[in-house]
Amino acid sequence: MRATTHQRPLAERAREAVALLLAGLERAAARDVNRGRADWLSAAYEAGDGQLYAGLVTVILRVVFVRCAEERALLPTGLLALRSELTASHRSRRDRHDAYPRLLALFRALHRERGGALFDPAPYPFLEGRAPGEDVQQPARPPELEDEVVLSLLRLLITPPRAEELEVELLGSIYESLIDDRVVRDGAGYRIIQTGDARRRAGSHYTPQSLSRRIVTRALAPLLACLGETPTAAQLLELKICDPAMGSGAFLLEACRQLAARVVTAWRGAGDETRDAIASRRGDPDVYARQLVARRCLYGVDKDARAVELAKLSLWLETRARALPFRFVDHALRCGDSLVGLELDSLARFSWREGAEELPGLRRAIQATLARATELRDALRRPEGHASDQARALLDRTERVTARLRLIADLCVGAFFHGRTTSERERERTRRRRMVITWLAGDDTPAPELRRLAAECRARRAPFHWWLELPELAGAGPLAPRQQLRAMIGNPPFMGQSRLSGELGDGYRDWLFQLHPGSLGKSDLSPHFLRRAARLLGDSGALGFVTTNTIGEGDTRRSGLKALLERGWGIYAATRALRWPGDAVVVVSVVHLAKGTPLTKITTKLPPTLDGRPVPAINSRLRPRPERAEAVTLAANARLAFLGCWIGGQGFTLRPDEARALPSPLVKPYIGGAEINKSPTQAHKRYVIDFAQRDLEDAARHPALLERVRARVKPERDNQRRKAVRERWWQFGDVRPGLRDALAELGVCLVNSQVTKHLVFARQPTDRVFAHTLYVYPLPSYTAFAVLQSRAHEPWARLHASTMKTDLRYTATNCFDTFAFPRPDPRAVIPTVEAAGERFYGARARFMAARARGLTKTYNALKDPTCRAPAILELRRLSEAMDRAVLDAYGWRELEVPPLCPSTAAERAAVRAFEDEIIDRLYLLNEARTRSSELPPRADSVSR
């Protein structure tokens with residue numbers, strides 16, 4: 001049975017309302033066209049840039065906002081009254097068109113009286129029946145939208161609200177629910193389709209209040225610790241908190257609530273007279289405190305102009321700012337790209353590079369401009385600056401003061417994005433630099449080309465030059481003598497490196513690399529927001545961000561957390577894996593860092609917390625251990641890990657019957673990762689023609705084999721880009737001579753699949769060709785097997801491996817080459833470990849053969865707490881005994897071996913603690929082995 005209207009989520013009702021509005025406007029446009037009027041709806045559709053759909057969403061957001069304001073008695077009950085009137089009317093609502101003009105009149109009145117972009121009629125003239133470009137100040141005949149449609153909209157959006165629909169965060173969550181859709185037109189007319197990827201491309205998810213509250217509380221803790229047990233209201237109101245990717249303002253709303261509550265507590269602590277005096281002069285102290293915090297303490301930036309507007313409106317609602325315009329925080333919530341913009345020193349040099357020569361006189365101009373702009377913006381903090389006209393005038397004057405420097409900064413940023421290479425960018429920078437010098441030495445008015453270039457950059461990149469836009473927050477330095485910004489909070493967009501280049505362009509990626517030296521190519525966007533926030537905070541501050549759950553891994557870790565810890569930041573709280581509390585199917589990490597006095601104060605007061613548990617320290621891998629030096633390749637592991645052969649053409653492979661028909665020592669068994677993980681005996685099912693490194697003349701001595709390869713491989717190889725692969729078509733794409741040499745004197749080796757659910761190793765005869773999906777190790781002993789299969793190796797491997805979907809992607813350069821075996825030489829045989837490894841391997845092989853299970857299914861059972869089969873219990877016992885022998889070989893006899901398959905919370909905690917300790921000890925051992933080794937680190941790769 002379908003839920004009643006008020007029982008359905010508001011987001012679902014909003015989507016339905018958009019579709020209803022579109023259908024109604026389509027009918028109204030058709031009537032106008034039949035009367036000879038211009039087709040204003042088609043004009044809006046053909047204008048592109050999603051204008052039609054954006055206008056529809058605007059109407060829905062206007063209604064939802066007014067509804068929220070009316071429920072708080074902040075606006076007259078215009079919509080509620082209209083809904084009641086339409087509901088009570090007995091006249092035909094399908095034939096009447098009175099309600100929509102009244103709705104438009106209400107929206108215009110709000111814009112006239114309160115300002116704000118949401119109610120501005122200019123961006124979407126079709127809503128008033130106008131074509132693009134028409135003067136919105138001239139009288140218009142609104143579309144004849146049926147009263148029935150207006151009533152349906154109001155019924156969908158104005159219902160008895162549930163508790164969650166009273167939250168101010170409602171505006172942002174509704175906007176997020178609608179941004180994935182678009183309007184399309186076909187033969188049947190207009191319809192709305194859900195693209196489903198707009199939010200994914202943006203990498204954003206609206207943060208629920210349950211999460212923002214926890215993050216803001218922890219981010220404020222170091223700052224409050226600096227203020228002592230009883231901070232004054234004046235001290236609290238000096239705190240400056242910013243969200244550099246604020247979206248619709250969820251974190252700023254929460255910061256407003258929490259800081260305002262503390263301000264009121266400070267007033268109360270100062271005595272009843274203070275509170276009563278405020279109440280008599282300003283009204284409700286709680287409301288006044290929120291307004292003060294919103295105006296004085298909160299800052300935000302976002303590329304999405306509509307989201308910025310919704311953040312302003314949400315703060316207006318949250319602060320009950322009935323007497324203030326919608327744009328009362330225009331000075332603090334700004335539109336732009338937080339990651340694209342110039343520092344003041346870079347502006348003085350007109351260059352993104354260190355060491356470039358400064359423009360003559362520009363440093364003095366920057367200092368004078370900042371001083372004047374800061375003076376003007378400081379006036380906004382005084383009570384007389386709160387008045388609407390006064391605030392707007394002060395802000396306009398500030399922007400005029402900084403306009404010249406902003407144009408110069410835009411020109412410099414534009415030069416970077418103008419070119420694709422370093423030399424192209426430098427040539428364009430030099431050209432523009434000459435033009436700027438000429439302009440500054442002459443006329444006050446910039447040349448038309450300079451204005452055009454700057455406007456082009458602003459339109460495409462929306463650069464945000466922090467200290468020109470928010471000069472009162474400027475960090476300490478010769479060009480900016482004070483630092484006011486104290487905390488950065490937020491949920492920046494998630495975007496992997498491949499999507500970063502694809503969505504934003506290679507130029508954007510290159511900009512981030514030059515902005516944050518040491519950043520690595522496979523990192524995602526999250527560490528760049530961490531680095532930018534840390535840079536803006538300077539030598540003292542705190543930050544709390546939602547990040548991707550890979551923030552402590554690989555290039556993302558090295559580009560972000562590791563770089564910050566090297567610069568004096570410390571992690572005082574983190575959650576490694578948090579399932580998103582909303583409807584987004586995503587797992588995130590949350591990190592809180594501080595530097596300077598805030599770090600000292602918070603760590604003195606409380607121990608760091610990881611996943612909610614007190615720990616002695618948190619390192620950049622989000623492990624409860626001190627930061628350790630990067631693991632490096634161990635010389636003793638050289639030439640002991642090889643990728644299998646990439647054959648470079650399926651025409652080399654043979655079925656068993658084909659192999660029997662072509663008897664030759666060059667026809668060899670062929671095995672890959674699938675057989676290793678799935679076959680109960682790790683048996684091969686295929687054969688392969690292997691000419692090894694024979695030249696063509698030698699290969700021709702085997703005519704049947706060569707002709708088959710010529711027919712089935714060469715046509716494919718002729719299209720290969722690699723010259724050697726193309727020309728030596730009868731050989732494998734990668735022959736792996738190093739692997740062949742390493743196995744030449746051995747009868748058995750170790751292998752593991754590159755991509756695997758469980759990290760498992762197997763012994764294999766060496767008389768076969770190993771596919772490139774395998775790593776191969778010339779380690780025939782059970783000692784090597786035991787160590788690599790043990791839980792001394794697995795946590796290390798999982799920490800340094802990457803992932804493919806939900807599987808582990810083992811890379812020998814990271815996981816094996818850096819791994820310290822119990823003895824420096826991985827080939828060493830340790831009798832106790834040898835015996836334990838042989839016992840476990842034999843039992844595992846017998847179990848798989850008897851049950852017809854491959855390694856994957858066997859380890860599924862081994863790690864399933866509900867599986868209590870006697871044979872599985874015995875395998876677990878033998879595996880734990882093997883782990884014990886390996887730990888003893890390291891000399892770590894005091895470490896207890898936790899259960900292989902934990903079934904209780906205590907056992908799972910023991911496993912986590914064990915893995916953390918193992919990883920930390922292996923880092924120390926890697927460092928010790930590196931110092932003591934006389935052999936140089938290996939320079940070649942595992943591909944040999």
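**Figure 1. Strand E6 and its side chains in the predicted model.** From strand E6, Ala-487 and Ile-489 point one way, whereas Met-488 and Gly-490 point the other way; all are buried. Strand E6 runs parallel to E3, to which 2 bridges join it. With E7, strand E6 pairs in the parallel sense over 4 bridges. Met-488 appears in both pairings: Cys-242 has Met-488 as its bridge partner in E6, and the bridge partner of Met-488 in E7 is Leu-543.

**Figure 2. The open sheet that contains strand E6.** Nine strands form this sheet, with mixed pairing, in the order E5-E4-E3-E6-E7-E9-E8-E10-E11. The edges are held by strand E5 (333-335) and strand E11 (613-614); each has a single partner strand, so one side of each is left without a neighbour in the sheet. Strand E3 (residues 241-243) pairs with strand E4 (residues 298-302) in the parallel sense, over 3 bridges. Within this pairing, Ile-241 has Leu-298 of E4 as its bridge partner.

**Figure 3. Helices H11 and H14 across strands of the sheet.** Helix H11 (residues 250-269) lies across E3, E4 and E5, and also across strand E6 (487-490) and strand E7 (541-548). The direction of H11 is at about 175° to that of E4. Helix H14 (residues 305-318) lies across E4 and E5 and runs at about 170° to E5. Strands E4 and E5 are thus crossed by H11 and by H14.

**Figure 4. Helix H13 and its N-terminal cap.** Asp-284 caps the N-terminal end of H13, with a side-chain oxygen 2.9 Å from the backbone nitrogen of Asp-286. What span should the 12 residues of helix H13 (residues 285-296) have at 1.5 Å a residue? The expected value is 16 Å, and the end C-alpha atoms are 16 Å apart, which agrees. The buried residues of H13 are Pro-285, Tyr-288, Ala-289, Gln-291, Leu-292, Val-293, Ala-294 and Arg-295.

**Figure 5. The surroundings of Gln-789 in helix H34.** Gln-789 belongs to helix H34 (residues 782-789). Is Gln-789 buried or exposed? Its relative accessible area is 7%, which is under the 20% limit, so Gln-789 is buried. The side chain of Gln-789 is joined to that of Arg-844 by a polar contact of 3.4 Å. Apart from neighbours within four places in sequence, the residues in contact with Gln-789 are Leu-759, Val-760, Phe-761, Phe-840, Arg-844, Tyr-859 and Met-882.

Note on methods
Residues numbered from 1 in each chain as written. Predicted model: local features only at pLDDT ≥ 70, side-chain atom pairs only at ≥ 80, totals over all residues. Heavy atoms only, no water. Pairing = 2+ DSSP bridges. Contact = heavy atoms within 4.5 Å. Axes fitted to C-alpha atoms, helices over the stretch in contact; angles between N-to-C directions. Expected span 1.5 Å × (residues − 1). Buried < 20%, exposed > 50% of the residue type's maximum accessible area, 1.4 Å probe, protein only. Polar contact = N/O pair within 3.5 Å; in protein donor to acceptor, adjacent residues only side chain to side chain.
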